[in-house]
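The following report looks at strand pairing, backbone geometry, chain symmetry and one interface.

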Protein chains: 4
Amino acid sequence: MGTQALRSDMGWSTADRITVRGLDLCQDVLGQLALGDFAFLEVTGRKPDAAESTVFNAILAVLVEHGMTPSAMVARLTYLGAPESMQAAIAAGLCGMGTTFAGTAEGAARLLQEALPLGTAREYDVAGTAARIVQQHRQQRLPVPGIGHPVHKPVDPRAVRLFAIAEENGLAGPYVALMQAISQEAERAFGKPGQLPVNATGAIGAIASELGLSWKLCRGLAVVSRAVGLLGHLAEEIEHPIANTLWVRTEEEASSHLVPKEPQ
Amino acid sequence: MGTQALRSDMGWSTADRITVRGLDLCQDVLGQLALGDFAFLEVTGRKPDAAESTVFNAILAVLVEHGMTPSAMVARLTYLGAPESMQAAIAAGLCGMGTTFAGTAEGAARLLQEALPLGTAREYDVAGTAARIVQQHRQQRLPVPGIGHPVHKPVDPRAVRLFAIAEENGLAGPYVALMQAISQEAERAFGKPGQLPVNATGAIGAIASELGLSWKLCRGLAVVSRAVGLLGHLAEEIEHPIANTLWVRTEEEASSHLVPKEPQ
Amino acid sequence: MGTQALRSDMGWSTADRITVRGLDLCQDVLGQLALGDFAFLEVTGRKPDAAESTVFNAILAVLVEHGMTPSAMVARLTYLGAPESMQAAIAAGLCGMGTTFAGTAEGAARLLQEALPLGTAREYDVAGTAARIVQQHRQQRLPVPGIGHPVHKPVDPRAVRLFAIAEENGLAGPYVALMQAISQEAERAFGKPGQLPVNATGAIGAIASELGLSWKLCRGLAVVSRAVGLLGHLAEEIEHPIANTLWVRTEEEASSHLVPKEPQ
Amino acid sequence: MGTQALRSDMGWSTADRITVRGLDLCQDVLGQLALGDFAFLEVTGRKPDAAESTVFNAILAVLVEHGMTPSAMVARLTYLGAPESMQAAIAAGLCGMGTTFAGTAEGAARLLQEALPLGTAREYDVAGTAARIVQQHRQQRLPVPGIGHPVHKPVDPRAVRLFAIAEENGLAGPYVALMQAISQEAERAFGKPGQLPVNATGAIGAIASELGLSWKLCRGLAVVSRAVGLLGHLAEEIEHPIANTLWVRTEEEASSHLVPKEPQ
């Protein structure tokens with residue numbers, strides 16, 4: 001096993017040249033490839049065209065900033081303890097981008113890609129596939145990933161907008177169709193009209209599939225986006241810190257039942 | 001202390017509306033604000049203009065991908081152990097974006113901003129300031145952050161390109177001038193012509209300062225960029241894994257002197 | 001949801017007293033409770049008796065040090081980049097203690113506790129339960145967690161020793177019996193005598209169950225133990241660094257096919 | 001650089017034997033070496049004697065549990081998002097064991113070891129050295145690490161107890177004497193009698209130095225101890241979760257000024 005060669009095509013450099021994914025960093029990338037497009041290059045090996053760029057940046061943008069999320073609280077509390085290591089604060093915040101929050105985009109993309117593998121010819125029965133998927137989840141009493149939202153009802157406005165952007169850019173294909181059909185079928189089968197719309201993570205899973213990205217990378221897209229958002233929260237924390245107050249308050253409340261009352 | 005209000009301006013949402021940094025996510029951001037520009041919005045509170053966007057994305061792009069760095073190795077080795085948690089693999093890789101690698105952009109920006117605080121009127125003696133800075137570091141036998149590179153000599157092509165992009169976009173101001181003067185003065189004072197060019201991190205520190213970004217955020221910029229690069233490495237690792245080979249080989253070599261030789 | 005009280009029984013302090021889990025830190029803990037016993041107190045809320053202490057420390061000890069594992073490599077490579085943050089280096093190394101390496105102790109404990117819930121009366125058919133478990137895994141073509149090892153055959157000496165320690169201390173009860181029965185049944189059913197012994201993680205899962213620890217905590221035990229081991233690796237790395245060599249070599253090999261050959 | 005051999009003495013294994021730090025895991029460690037003593041073995045390469053074991057476990061125990069600290073909050077909030085990855089929750093919590101909280105033990109040990117290098121003959125002027133150290137910090141307007149505490153005055157009971165344990169075990173030598181002298185000198189020089197006692201981190205730094213541990217490892221000791229404490233907090237969080245409430249409340253309060261009031 002140890003004799004296999006280690007090999008990577010990501011990049012290399014010499015004294016006067018740095019190459020990334022086959023492009024000359026100084027000539028082809030700097031000043032020409034924006035961060036989101038660079039992310040597309042990193043995961044696919046090629047630059048996006050204009051339509052892909054718009055759509056890919058849109059799904060990344062959805063996940064950047066959701067206000068005072070657990071990940072933002074974590075980054076701020078970690079920075080309080082280790083201001084010398086902003087990298088550790090961002091890393092700590094990202095550690096929680098797991099099954100609960102980022103897992104549903106992954107789950108939705110997986111569902112779609114298992115029904116219709118990436119790179120296959122795209123003739124198939126959308127309604128029948130949707131019905132089968134909903135039925136399977138129903139039988140196993142599992143939630144269908146990518147549909148429903150506790151707050152955003154009867155539609156998740158982010159999903160609506162993402163699908164419109166995909167449509168405008170010619171990238172609303174079979175995965176978008178299937179995701180929408182799953183929502184409709186689920187509302188019908190569970191008898192919950194207007195209650196199980198495609199949510200933001202379902203839209204992301206569907207559109208990432210349209211872009212040819214493996215479901216295994218969907219969680220990673222959320223991580224990259226949230227890294228941007230956490231930097232924003234740390235910038236605000238540096239200017240207007242709240243982590244110490246959050247700590248002191250939480251500590252006082254959580255242990256107040258333990259502390260003996262002093263006699264006066 | 002615990003009675004102070006917790007307050008953040010980053011974002012909020014209701015059933016039909018999500019707002020980030022004062023913008024409506026669906027109307028103003030999705031499809032319109034690319035990831036790099038969103039990062040600018042997050043750290044400054046406003047959208048970049050076209051020149052700022054080009055320059056800001058350029059400094060982010062420099063840091064995305066440097067081939068098989070320690071951070072890329074860390075992300076791959078972590079994914080080997082915890083494929084269920086891509087977020088943890090990226091987070092682990094980011095934990096090493098510290099003083100050794102990302103600290104020099106921070107150090108360069110700090111140096112520049114301590115000489116010329118952000119937001120101040122910009123009349124000052126460039127050459128004299130550069131001479132003073134170089135002399136101080138020389139006396140304390142400290143390296144001057146942002147200049148010199150073990151490989152890229154007599155110039156770091158990334159710094160050259162970044163400064164050209166800043167110049168083309170009207171953003172090569174006093175910080176760029178000071179960084180360049182420091183390099184020239186250091187080469188003169190240390191008697192090392194062509195040996196102490198502004199390097200990529202020096203250029204990033206100078207240009208981040210031109211954009212009004214606190215030196216405290218420079219490490220965070222590197223972290224965000226590298227998150228993108230680590231996603232790329234994990235995408236490659238999923239397709240063409242090397243982490244297991246790297247482990248087996250390293251383990252065998254590192255402990256071979258300990259293992260008793262078997263009699264034949 | 002936000003109106004529920006935050007409450008924790010872990011600890012509190014006043015000017016002259018620090019209490020942890022109901023014990024006075026200075027009077028009852030310092031000098032009296034060793035680290036492993038403190039870990040027992042933290043997860044169970046009470047001090048271990050002598051037998052529990054021996055057995056619990058033994059399962060922790062198994063997981064501390066396995067030589068140059070991926071987690072050790074990760075800690076060293078992260079320290080190379082961020083020597084200012086040893087906490088980040090250890091944290092990065094721990095991020096990979098996931099499904100691949102630490103997940104099997106968790107899986108074994110879960111299997112056992114689903115067959116025989118913690119705290120239930122302990123009359124049950126060991127052989128029949130083992131047969132049912134093996135058959136279920138066989139039908140679903142899933143590996144049975146806790147048995148088999150690529151190197152340690154026909155027995156894993158660590159499991160043998162752990163079970164002996166549990167036995168000597170009166171803590172080899174129904175979970176140990178079931179784990180051993182599963183191994184025997186699996187060797188029989190798969191026709192692999194001497195190939196599917198209880199491995200170290202199986203023994204840990206069984207003994208943790210004897211101690212009344214939820215399977216949900218088993219991965220955490222591995223994490224705590226490995227934190228100790230990673231500190232050891234960093235101590236060695238500080239004295240005899242290898243991370244830089246590991247990086248340089250890996251980078252050279254991985255990208256050598258990309259770098260154009262220079263004309264001589 | 002890449003041709004140097006990779007070498008580690010930490011451990012190795014064959015089919016029937018696992019060796020750690022020169023000891024046979026099954027024969028010499030399991031059932032015999034408790035977790036804290038294993039930590040001593042890992043960082044020093046030898047087993048502690050009884051006195052060293054008591055003292056080393058005592059300094060580890062101080063750092064395990066401080067109630068609802070930022071690191072505990074971080075671990076809980078991370079577990080909320082990624083319950084599949086307890087390792088990531090603990091890692092995230094550890095990321096904040098940095099300069100603010102764990103840095104002072106490191107700083108105190110460094111101060112002491114720079115005054116009196118590890119392994120040197122131990123004849124020196126304690127009072128004079130203390131006076132010099134205090135004066136240097138005073139001139140540079142830097143706090144002296146290891147003394148003073150916002151709550152624990154006029155003495156920190158943990159430091160008092162740790163020094164007593166060191167004394168009882170014959171391990172209160174020149175570093176403990178110097179740390180105490182620094183406290184006395186600082187109270188005199190700053191005119192703050194009873195205000196600048198040796199605090200817990202000062203005692204840890206001094207005692208770690210007595211044990212021959214480099215100041216570079218002190219932060220790591222805090223990390224290992226806190227890993228134990230975070231496992232305890234996660235065990236409580238699984239039984240009695242508070243992270244979701246903490247999140248919802250914080251989010252509501254932090255963004256309430258942004259959300260437009262609905263007309264009734």
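In this predicted model, Thr19(B) stands opposite Asp24(B), a residue that belongs to strand 3 of chain B. The pairing behind this match joins strand 2 (residues 17-20) of chain B to strand 3 of chain B in the antiparallel sense, over 2 bridges. Both strands belong to an open sheet of chain B, in which 3 strands follow the order 1-2-3 with antiparallel pairing. Strand 1 (11-14) and strand 3 (23-24) of chain B are the edge strands, each of them paired on one side only. As a general matter, side chains in a regular strand alternate between the two faces of the sheet.

In chain D, strand 1 (residues 11-14) and strand 2 (residues 17-20) pair in the antiparallel sense over 4 bridges. Within this pairing Gly11(D) stands opposite Val20(D) of strand 2 of chain D, and the two strands form a hairpin that leaves 2 residues between them.

Two loop residues deserve a note on their backbone angles. Arg21(A), which lies in the loop between strand 2 (17-20) and strand 3 (23-24) of chain A, has a phi near 45 degrees, a positive value in a residue other than glycine. Arg141(C) is likewise not a glycine, yet its phi is positive at about 50 degrees; its place is in the loop between helix 7 (126-139) and helix 8 (157-168) of chain C.

How are the chains related to one another? Two copies of a chain are, in general, related by a rotation about an axis and a shift along it. The table gives the values for two pairs of chains.

| Pair | Rotation | Shift along the axis | RMSD |
|---|---|---|---|
| Chain A on chain C | 180 degrees | 0.0 Å | 0.0 Å |
| Chain C on chain D | 180 degrees | 0.0 Å | 0.0 Å |

For the second pair, the C-alpha of chain C nearest the axis is that of Ala91(C), at 2.1 Å from it. The same surface serves both of these copies, since 99% of the contact residues of chain C recur in chain D.

Turning to the first pair, chain A is superposed on chain C by a rotation of 180 degrees with 0.0 Å of shift along its axis. The two copies are thus related as by a two-fold rotation axis. Of the residues of chain A, Ala88(A) comes closest to that rotation axis, with its C-alpha at 3.0 Å. Here too the same surface serves both copies, and 100% of the contact residues of chain A recur in chain C.

What does the contact between chain C and chain D consist of? It takes 82 residues from chain C and 81 residues from chain D. Between them, chain C and chain D bury about 7000 Å², and 71% of this area is on carbon and sulfur atoms. The count of salt bridges between chain C and chain D is 0, whereas 14 residue pairs, with both residues at pLDDT 80 or more, are in polar contact between these chains. On the side of chain C that touches chain D, the largest share comes from helix 11 (residues 218-239) of chain C, which contributes 14 residues. By residue class, that side of chain C divides into 46 nonpolar, 22 polar and 14 charged residues.

Methods. Residues numbered from 1 in each chain as written. Chains lettered and ligands numbered in written order. Predicted model: local features only at pLDDT ≥ 70, side-chain atom pairs only at ≥ 80, totals over all residues. Heavy atoms only, no water. Contact = heavy atoms within 4.5 Å. Buried area = accessible area lost by both parts, 1.4 Å probe. Salt bridge = Lys/Arg side-chain N within 4 Å of Asp/Glu carboxyl O. Polar contact = N/O pair within 3.5 Å; in protein donor to acceptor, adjacent residues only side chain to side chain. Nonpolar A, V, L, I, M, F, W, Y, C, P; charged D, E, K, R; others polar. Pairing = 2+ DSSP bridges. Least-squares fit on C-alpha atoms with pLDDT ≥ 70 in both.
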